[in-house]
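Subject: Structure for your review

Dear colleague,

Please find below the structure that I am handing over to you. My notes on what was found in it follow directly after.

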Amino acid sequence: MTTMKAYSLAAILGLFSSNLFAEGNAYQVELIVFLQAMPNTEVFDQTDSRINWPATLTELSAYKKADNMTLNEGYAALSKDSAYRPILHAAWIQPAGEGSLSAPVHIQSADGKLNGYLQMQYEQNMQMTVDLEYASNQSDSSGNAIIYRLNEKRLIKKNEVYYLDHPKFGVIAKISAL
């Protein structure tokens, strides 16, 4: 093979693999957040936010909405069951980001009662951090609104569905490679 042919082949393969690399570094993230009315005996006394906010947040609206949601059936099932009340269903396309840490995405419900973030880390294993708080309609003895917090770091695999649990609300999450 001549040197010119070798350079041409390398250039073509380089273009092809850079396209694969670009697509491989974007993910579809889909979340369902729902309230649950399950009996429990836990006492909740949090009235102030305890989220350790990252230095910067990217608003969910800054990302392209996903063309299709894969958890629609789950959302419909939760909507039909009186023990659950979905409060957020969102899906977006997110680049992997610089290095191994994605930009933290600000997650907030339309009424502002749900507030927090989701962040992913890509190293040997993929990890998802979710830190969300929900301001309930219940108050403590001083009249301050009780806040429920779900703060979890979890190793995940692409294209699998995960359930993050709190006695008062839950999250269903799925992260798929594009």
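Which residue in strand 8 stands opposite Asp131? The residue is Asn151. Before going further, I should state that this is a predicted model.

**Overall architecture**

The protein chain contains two helices and 10 strands. In sequence order, these elements follow the pattern α-β-β-β-α-β-β-β-β-β-β-β. The chain has 178 residues, of which 38% are buried. If one takes the contacts between residues at least 6 apart in sequence, 61% of them join residues at least 24 apart.

**The sheet that holds strands 7 and 8**

Five strands make up an open sheet, in the order 2-5-6-7-8, with mixed pairing. Strand 2 (58-59) and strand 8 are its edge strands, each pairing on one side only. Strand 7 and strand 8 run antiparallel and are joined by 11 bridges.

**Salt bridges**

The model has three salt bridges. One of them is formed by the side chains of Arg149 and Asp131, at 2.7 Å from N to O. Arg149 belongs to strand 8 (residues 145-156) and Asp131 to strand 7 (residues 126-139), so this pair ties together parts that lie 18 residues apart in sequence. The two partners differ in their surroundings: Asp131 is buried, with a relative accessibility of 2%, whereas Arg149 is partly exposed, at 23%.

Another salt bridge links the side chains of Arg154 and Glu152, with an N to O distance of 2.4 Å. Arg154 is partly exposed, at 23% relative accessible area, and Glu152 is also partly exposed, at 21%.

A further salt bridge joins the side chains of Asp67 and Lys64, at 3.4 Å from N to O. Here Asp67 is exposed, its relative accessible area being 72%.

**A buried lysine without a salt bridge**

Lys174 is located in strand 10 (residues 169-177). Why does Lys174 have no salt bridge, and which side chain of opposite charge is nearest? The nearest such side chain is that of Glu30, which is 6.2 Å away; a salt bridge requires a side-chain nitrogen of Lys or Arg within 4 Å of a carboxyl oxygen of Asp or Glu, so the pair does not qualify. Lys174 is nevertheless buried. Leaving out residues up to four places away in sequence, Lys174 touches Gln28, Val29, Glu30, Thr70, Leu71, Asn159, Glu160 and Val161.

**Strand 1 and its partners**

Strand 1 (residues 26-36) deserves a separate look. How many of its 11 residues are buried? The count is 11 of 11. Both faces of the strand are covered: one side carries Ala26, Gln28, Glu30, Ile32, Phe34 and Gln36, and the other carries Tyr27, Val29, Leu31, Val33 and Leu35, all of them buried.

Strand 1 runs antiparallel to strand 4 (residues 84-95), to which it is joined by 11 bridges. Within this pairing, Gln28 has Ile93 of strand 4 as its bridge partner. Strand 1 also runs antiparallel to strand 10, with nine bridges between them. In that case, Leu31 has Ala173 of strand 10 as its bridge partner.

Ile32, also in strand 1, is buried, with a relative accessibility of 0%. Apart from neighbours within four places in sequence, Ile32 is in contact with Leu71, Gly74, Tyr75, Leu78, Leu88, His89, Gly170, Val171 and Ile172. Ile32 and Pro86 are 54 residues apart along the chain, and their C-alpha atoms are separated by 7.1 Å.

**The largest pocket**

The largest pocket has a volume of about 230 Å³. It is lined by 15 residues, of which Leu35, Gln36, Tyr134, Tyr148 and Lys168 are the closest to its centre. Strand 1, strand 4 and strand 7 each supply at least two residues of this lining. Which strand gives the largest share of the lining? Strand 7 does, with five residues.

**In brief**

For your own inspection of the model, I would suggest these places to begin: the salt bridge between Arg149 and Asp131, the buried Lys174 that has no salt bridge, strand 1 with both faces covered, and the largest pocket, with its volume of about 230 Å³.

With kind regards

Terms used: Residues numbered from 1 in each chain as written. Predicted model: local features only at pLDDT ≥ 70, side-chain atom pairs only at ≥ 80, totals over all residues. Heavy atoms only, no water. Buried < 20%, exposed > 50% of the residue type's maximum accessible area, 1.4 Å probe, protein only. Helix = DSSP H or I, 4+ residues; strand = E, 2+ residues; numbered from the N terminus. Lys, Arg positive; Asp, Glu negative; His and termini not counted. Contact = heavy atoms within 4.5 Å. Pairing = 2+ DSSP bridges. 1 Å grid on protein atoms, 1.4 Å probe; cavity = no way out; pocket = protein on both sides within 12 Å on 5 of 7 lines; lining within 4 Å. Points joined across faces, edges and corners; volume = space filled by probe spheres on them.
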